[in-house]
Amino acid sequence: MARPSRPGAQPPSSPSPAPDASAPYDPLRLCVYATIAALAWLLGPVAVLGFALLGFAGYARARRRGLTRSKCILRDTRLVLTYLAALALAGLAAIAWQLYHLFT
(Lines give C-alpha, C1' and ligand atoms only; values in the text may rest on other atoms or scores of the structure.)
Protein backbone atom coordinates (compact mmCIF):
# COMPACT_ATOMS: atom_id res chain seq x y z
CA MET A 1 0.00 0.00 0.00
CA ALA A 2 1.52 3.32 -1.07
CA ARG A 3 1.81 6.16 1.40
CA PRO A 4 0.20 9.42 0.45
CA SER A 5 2.76 12.06 -0.42
CA ARG A 6 2.78 15.71 0.43
CA PRO A 7 2.44 18.19 -2.42
CA GLY A 8 5.87 19.11 -3.76
CA ALA A 9 7.67 16.30 -1.89
CA GLN A 10 10.00 14.06 -3.85
CA PRO A 11 9.80 10.32 -3.44
CA PRO A 12 12.62 8.96 -1.25
CA SER A 13 14.04 6.80 -4.05
CA SER A 14 14.43 9.60 -6.59
CA PRO A 15 17.98 10.02 -7.90
CA SER A 16 19.98 13.10 -7.05
CA PRO A 17 19.97 15.85 -9.65
CA ALA A 18 22.57 15.63 -12.43
CA PRO A 19 25.66 17.81 -12.05
CA ASP A 20 25.49 21.17 -13.76
CA ALA A 21 26.84 20.83 -17.30
CA SER A 22 28.27 24.36 -17.15
CA ALA A 23 30.36 23.68 -14.03
CA PRO A 24 34.10 24.05 -14.68
CA TYR A 25 36.35 21.00 -14.76
CA ASP A 26 37.85 20.21 -11.37
CA PRO A 27 41.43 19.00 -11.87
CA LEU A 28 41.46 17.04 -8.59
CA ARG A 29 43.67 14.33 -10.06
CA LEU A 30 46.41 16.89 -10.68
CA CYS A 31 46.32 17.87 -7.01
CA VAL A 32 46.50 14.20 -6.02
CA TYR A 33 49.44 13.61 -8.38
CA ALA A 34 51.27 16.65 -6.99
CA THR A 35 50.70 15.45 -3.42
CA ILE A 36 52.01 11.98 -4.24
CA ALA A 37 55.04 13.50 -5.97
CA ALA A 38 55.73 15.70 -2.92
CA LEU A 39 55.48 12.71 -0.58
CA ALA A 40 57.79 10.71 -2.83
CA TRP A 41 60.27 13.57 -2.87
CA LEU A 42 60.16 13.99 0.91
CA LEU A 43 60.11 10.33 1.88
CA GLY A 44 62.10 8.93 -1.06
CA PRO A 45 62.28 5.15 -1.34
CA VAL A 46 59.98 4.63 1.64
CA ALA A 47 57.19 6.41 -0.26
CA VAL A 48 57.92 4.42 -3.42
CA LEU A 49 57.77 1.17 -1.47
CA GLY A 50 54.59 2.21 0.36
CA PHE A 51 52.69 3.36 -2.71
CA ALA A 52 53.83 0.33 -4.71
CA LEU A 53 52.64 -2.06 -1.99
CA LEU A 54 49.36 -0.18 -1.65
CA GLY A 55 48.79 -0.32 -5.41
CA PHE A 56 49.81 -3.98 -5.58
CA ALA A 57 47.37 -4.90 -2.81
CA GLY A 58 44.57 -3.02 -4.55
CA TYR A 59 45.21 -4.58 -7.95
CA ALA A 60 45.66 -8.05 -6.46
CA ARG A 61 42.29 -7.75 -4.72
CA ALA A 62 40.65 -6.45 -7.90
CA ARG A 63 42.18 -9.26 -9.98
CA ARG A 64 40.88 -11.88 -7.52
CA ARG A 65 37.44 -10.33 -7.98
CA GLY A 66 37.64 -10.68 -11.76
CA LEU A 67 39.32 -7.51 -13.09
CA THR A 68 41.51 -8.43 -16.06
CA ARG A 69 41.69 -5.08 -17.90
CA SER A 70 42.69 -1.84 -16.19
CA LYS A 71 42.41 1.82 -17.11
CA CYS A 72 46.15 1.98 -16.41
CA ILE A 73 48.27 2.50 -19.53
CA LEU A 74 49.59 -1.08 -19.16
CA ARG A 75 45.98 -2.38 -19.49
CA ASP A 76 46.53 -6.02 -18.45
CA THR A 77 46.38 -6.35 -14.66
CA ARG A 78 49.21 -8.92 -14.74
CA LEU A 79 51.47 -6.27 -16.27
CA VAL A 80 50.33 -3.71 -13.69
CA LEU A 81 51.06 -6.15 -10.86
CA THR A 82 54.50 -6.89 -12.32
CA TYR A 83 55.24 -3.17 -12.64
CA LEU A 84 54.15 -2.48 -9.05
CA ALA A 85 56.18 -5.44 -7.75
CA ALA A 86 59.25 -4.10 -9.59
CA LEU A 87 58.69 -0.66 -8.04
CA ALA A 88 58.38 -2.23 -4.59
CA LEU A 89 61.63 -4.15 -5.10
CA ALA A 90 63.37 -0.98 -6.32
CA GLY A 91 62.14 0.90 -3.25
CA LEU A 92 63.30 -1.89 -0.97
CA ALA A 93 66.70 -2.01 -2.68
CA ALA A 94 67.08 1.77 -2.31
CA ILE A 95 66.21 1.57 1.39
CA ALA A 96 68.76 -1.23 1.87
CA TRP A 97 71.36 0.80 -0.05
CA GLN A 98 70.75 3.87 2.13
CA LEU A 99 70.92 1.81 5.33
CA TYR A 100 74.12 0.14 4.16
CA HIS A 101 75.76 3.51 3.55
CA LEU A 102 74.44 4.89 6.81
CA PHE A 103 76.08 2.17 8.88
CA THR A 104 79.35 1.79 6.94
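This is a guided tour of the structure, going from the whole chain through its helices and the loop between two of them to the largest pocket.

The model is predicted, so that local features are reported only at pLDDT of at least 70 and side-chain atom pairs only at pLDDT 80 or more, while totals for chains, interfaces and linings use all residues. Residues are numbered from 1 along each chain as its sequence is written, and side-chain values use heavy atoms, with hydrogens and water left out.

**The whole chain**

Begin with a cartoon of the protein, which holds three helices and zero strands, in the order α-α-α from the N terminus; helices (H or I, at least four residues) and strands (E, at least two) are DSSP runs, numbered from the N terminus. Colour next by accessibility: of the 104 residues, 14% count as buried, where buried means under 20% relative accessible area, exposed over 50% and partly exposed in between, with a 1.4 Å probe and protein chains only. Among the contacts with a separation of 6 or more, 43% are between residues 24 or more positions apart, a contact being heavy atoms within 4.5 Å.

**Helix α1 and its end**

Select α1, residues 28–43, and set a distance between its end C-alpha atoms: they are 22 Å apart, in agreement with the 22 Å expected for 16 residues at 1.5 Å a residue, the expected span being 1.5 Å times one less than the number of residues. Move on to Gly44, just after α1, where phi is positive at about 60 degrees.

**Helix α2**

Now select α2, residues 45–64, whose end C-alpha atoms are 28 Å apart, which agrees with the 28 Å that its 20 residues should span. Show the side chains of Pro45, Ala47, Leu49, Ala52 and Ala60, which are buried in α2; the buried residues of this helix pack against α1 and α3. After α2 comes Gly66, with a positive phi near 115 degrees.

**The loop between α2 and α3**

In this loop, pick Arg75, a residue other than glycine that nevertheless has a positive phi, near 65 degrees. Arg75 counts as partly exposed, at 41% relative accessibility. Then display Asp76 together with Arg78: these two form a salt bridge, with their closest N and O atoms 2.7 Å apart, under the criterion of a side-chain nitrogen of Lys or Arg within 4 Å of a carboxyl oxygen of Asp or Glu. The structure holds one salt bridge, and Asp76 is buried, with a relative accessible area of 15%. Side chains of opposite charge can pair when their charged atoms come close.

**Helix α3**

Select α3, residues 77–103, which has 27 residues and reaches 39 Å from its first C-alpha to its last, close to the 39 Å expected. Its buried residues are Thr77, Val80, Leu81, Leu84, Ala88, Gly91 and Ile95, and what covers them includes α2. An α-helix has 3.6 residues a turn, so residues three or four places apart point the same way.

Centre the view on Thr77, which lies in α3 and is buried, with a relative accessible area of 0%. Leaving aside neighbours within four places in sequence, Thr77 is in contact with Tyr59, Arg63, Leu67, Thr68, Arg69 and Ser70. Further along, select Ala96, also in α3 and partly exposed at 44% relative accessibility; between Ala96 and Pro45 the C-alpha to C-alpha distance is 9.6 Å, although they are 51 residues apart in sequence.

**The largest pocket**

Finish with a surface view and select Tyr33, Ile36, Phe51, Tyr83 and Leu84, which lie nearest the centre of the largest pocket among its 17 lining residues. A pocket here is an open set of points on a 1 Å grid over the protein atoms alone, where a 1.4 Å probe fits, with protein on both sides within 12 Å along at least five of seven lines, and lining residues have an atom within 4 Å of a point. The volume of the largest pocket is about 510 Å³, taken as the space filled by probe spheres set on the points, which are joined across faces, edges and corners. The helices α1, α2 and α3 each supply at least two residues of the lining, with α2 giving the most, at seven residues. Coloured by class, the lining shows 15 nonpolar, one polar and one charged residues, where Ala, Val, Leu, Ile, Met, Phe, Trp, Tyr, Cys and Pro count as nonpolar, Asp, Glu, Lys and Arg as charged, and the others, Gly among them, as polar.
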